[in-house]
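Grab your favourite viewer and something to scribble on. Here are a few exercises, each with a worked solution.

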Amino acid sequence: ALVDRSGQHDLAALRSLQDWTIRYRLQAVPGVAEVAAVGGFVKEYQVQADPARLLAYGLPLASLVEAVRKGNVETGGRLIEIAGTEFMVRGRGYARSVEDLENIVVTTEATSGTPILVKDVATVSIGSAIRRGVADLDGLGDTVGGIVVMRQGENALTVIDRVEATLDDLRPSLPDGVEIVT
């Protein structure tokens, strides 16, 4: 579990730390098949279309959706296994902020050539995805956790020792106030 007793980091920040840092380090440990994240809030950019503004520009919703997809160039992927090690394959999108998404061109006005941007027909914000699980630590409320799944046929004690060693290596690099509780 990731715990921040100082209150500096919310559940979304802890979940991002789990998903983008800790999980990948633990998945690289020999004998670990998967690290399943649980709890917290998964951060996402949310684009809320304004039907009235879309209608005013004569744009279908599909145009907005396609523009955001093309403008961000985010691609998904899966894991590939090479020599018994799994590697994540994915393409990172260009968007790094709300403003990046707001300034994607949806189309241009036919008469003037003026670009119609996402922010002209929608509101972009940072929110959290629908929660698919919740975790609690010692009855103190919501927390973010990771469940390490061992590969079949591995020696459990050896894998646990490797995971604990990796967690010890990670601890000094954690943000102030964050601790890992096993």
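What follows is a short set of exercises on two helices and a pocket.

Some ground rules: this is a predicted model, where local features need pLDDT of at least 70, side-chain atom pairs count only at pLDDT 80 or more, and totals for chains, interfaces and linings use all residues. Residues are numbered from 1 along each chain as its sequence is written, and side-chain values use heavy atoms, with hydrogens and water left out.

**Exercise 1. Check the length of helix α6, then work out which way it faces.**

Step 1: Helices (H or I, at least four residues) and strands (E, at least two) are DSSP runs, numbered from the N terminus. The expected span of a helix is 1.5 Å times one less than its number of residues. For the 15 residues of α6 (156–170) that gives 21 Å, and the end C-alpha atoms are indeed 21 Å apart.

Step 2: List the buried residues (under 20% relative accessible area; exposed is over 50%, partly exposed in between; 1.4 Å probe, protein chains only). You should get Val 159, Val 163, Thr 166, Leu 167 and Leu 170. They sit on the same side of α6, because they cover an arc of only 100° around the axis (taken from the directions from the helix axis to the C-beta atoms). Leu 157 and Asp 169 are exposed on the other side.

Step 3: Look for partners in contact (heavy atoms within 4.5 Å). The buried residues of α6 pack against α1 (11–27), β2 (32–38), β11 (145–150) and β12 (178–180).

**Exercise 2. Do the same for helix α3.**

Step 1: Twelve residues (61–72) should span 16 Å, and the end C-alpha atoms of α3 are 17 Å apart, which agrees.

Step 2: Leu 64, Ala 67, Val 68 and Asn 72 are buried. Their arc is only 110° around the axis, so they lie on the same side of α3. Ala 62, Arg 69 and Lys 70 are exposed on the other side.

Step 3: Among the elements covering the buried residues of α3 are β3 (43–49), α2 (51–57) and β8 (122–128). Just after α3, Val 73 takes a positive phi of about 50°.

**Exercise 3. Which elements each supply at least two residues of the lining of the second largest pocket?**

Step 1: Start with the residues nearest the pocket's centre: Leu 26, Gly 146, Val 148, Val 163 and Leu 167, out of 20 lining residues.

Step 2: Assign the lining to elements, and you get α1, β11 and α6.

Key. On a 1 Å grid over the protein atoms alone, a cavity is a set of points where a 1.4 Å probe fits but cannot get out, and a pocket is an open set with protein on both sides within 12 Å along at least five of seven lines; lining residues have an atom within 4 Å of a point.
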